[in-house]
Amino acid sequence: MDGDSSTTDTTQLGITGEYMTGGTYVLQTQDDDGDESFNDHEDGNDSKDYFREQDIYLPIANVARIMKNAIPQTGKIAKDAKECVQECVSEFISFITSEASERCHQEKRKTINGEDILFAMSTLGFDMYVEPLKLYLQKFREAMKGEKGINPVAVSEGLGEELTDDSFTGQLPAGLISADGQQQNVMVYTTSYQQIPGVQQIQFS
Amino acid sequence: MSEKNMEEKVEHATNSKNVSLPMSRVRLIMKSSPDVSCINQDALFLTTKATELFVQHLALSSYKNGSGKETNTLSYSDLANAAEEKETFQFLTDILPKKILARDYLKSLEEMKKDDDNL
């Protein structure tokens, strides 16, 4: 990946250097308890005076739940995988934010807006998120305006029919990924459980 | 409308809408990036929602690609492999080092030393 051709190159040894600079490695103990966490993330908000960027995470329960709903129902998730995704998520947010922020600065603006975020996604290789996100945003704005209840929004062209309420599943909003890779109309679930047929599916395979 | 008022409105709206991650925490992470001053509402929502999609994407991709098929469990190494193999996830390689047993590491160190001696 790096094109460094020295014999001490970690990638040639098939080992990836640890994320701290200096080429150290993560060693796995014999009895892999899999519980290596680099930071205490009970709730990083205890000491408000000092936050390192890496210390702020989203709650692991939320993250784990989204993961669980994404993989096939019979699948399990290792504990260190959950913690790891938690860290990846913070990395992702920072990644997008700094790209968006840079664009903002270039255009001499102070506030990061929706466009900046979408543009950053596109630039960084997440353009498959962009279209669904625009739809979600539309719904969000509608919800913000009329809090009395969500007005059905026909988001696909030429459908012309009213959206109807579907039965409750009690699940969190499902993603747009189809686990079996088949082409199908993907339903976007909101917590009011309305279906929006015709939403473009994201193929993540 | 004061900012606090606006914040409450956002919180209330998002609680009953389709986000399953706390937007206030997402904002905190965003603000920890250098040179970030203001983030508008749309941007915050989009980032939160995108993060959800990202979690799903990463989890499913790693699971399908890795040993999940046999063991039925998504493991750390599945994630590390996905980070290395998929272009989209390559920004994660620094924080997803592949784990190595200490004895294997020491062995490869010895081999490196031998190579150096042979030169």
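This is a short tour of a predicted model, moving from chain B to its meeting with chain A.

**Before you start.** Residues count from 1 along each chain as its sequence is written, and chains are lettered from A in the order in which they are written. Local features here need pLDDT of at least 70, side-chain atom pairs count only at pLDDT 80 or more, and totals use all residues, while side-chain values use heavy atoms, without hydrogens or water.

**Stop 1: all of chain B.** Colour chain B by pLDDT, the predictor's confidence in each residue, from 0 to 100. The mean is 83, and 82% of the residues reach 70 or more. Now select residues 12-16 of chain B, where the pLDDT is below 50. This stretch has six contacts (heavy atoms within 4.5 Å) beyond near neighbours in sequence. Where pLDDT is low, do not read the predicted coordinates in detail. For the complex, the predictor gives an ipTM of 0.75 and a pTM of 0.61.

Show chain B as a cartoon. It has six helices and three strands. These are DSSP runs numbered from the N terminus: helices are H or I with at least four residues, strands E with at least two. From the N terminus, the order is α-α-β-α-α-β-α-β-α.

**Stop 2: helix 2 of chain B.** Select residues 23-31 of chain B. M23(B), R25(B), V26(B), I29(B) and M30(B) are buried. Buried means under 20% relative accessible area, exposed over 50%, and partly exposed in between (1.4 Å probe, protein chains only). Those residues lie on the same side of the helix, because they cover an arc of only 160 degrees around the axis. The arc is taken from the directions from the helix axis to the C-beta atoms.

Click R27(B), also in helix 2 of chain B. R27(B) is partly exposed, at 26% relative accessibility. Its C-alpha atom is 10.0 Å from that of C38(B), eleven residues apart along the chain.

**Stop 3: across to chain A.** Add helix 2 of chain A, residues 79-106. Its axis comes within 9 Å of the axis of helix 2 of chain B, and the two cross at roughly 60 degrees. Axes are lines fitted to C-alpha atoms, for helices over the stretch in contact, and angles run from 0 to 180 degrees between N-to-C directions. That makes helix 2 of chain A oblique to helix 2 of chain B. Angles under 35 degrees count as roughly parallel, over 145 as roughly antiparallel, 65 to 115 as roughly perpendicular, and the rest as oblique.

Which residues of the two helices meet? From chain A, S90(A), I93(A), S94(A) and T97(A) meet V26(B), I29(B) and M30(B).
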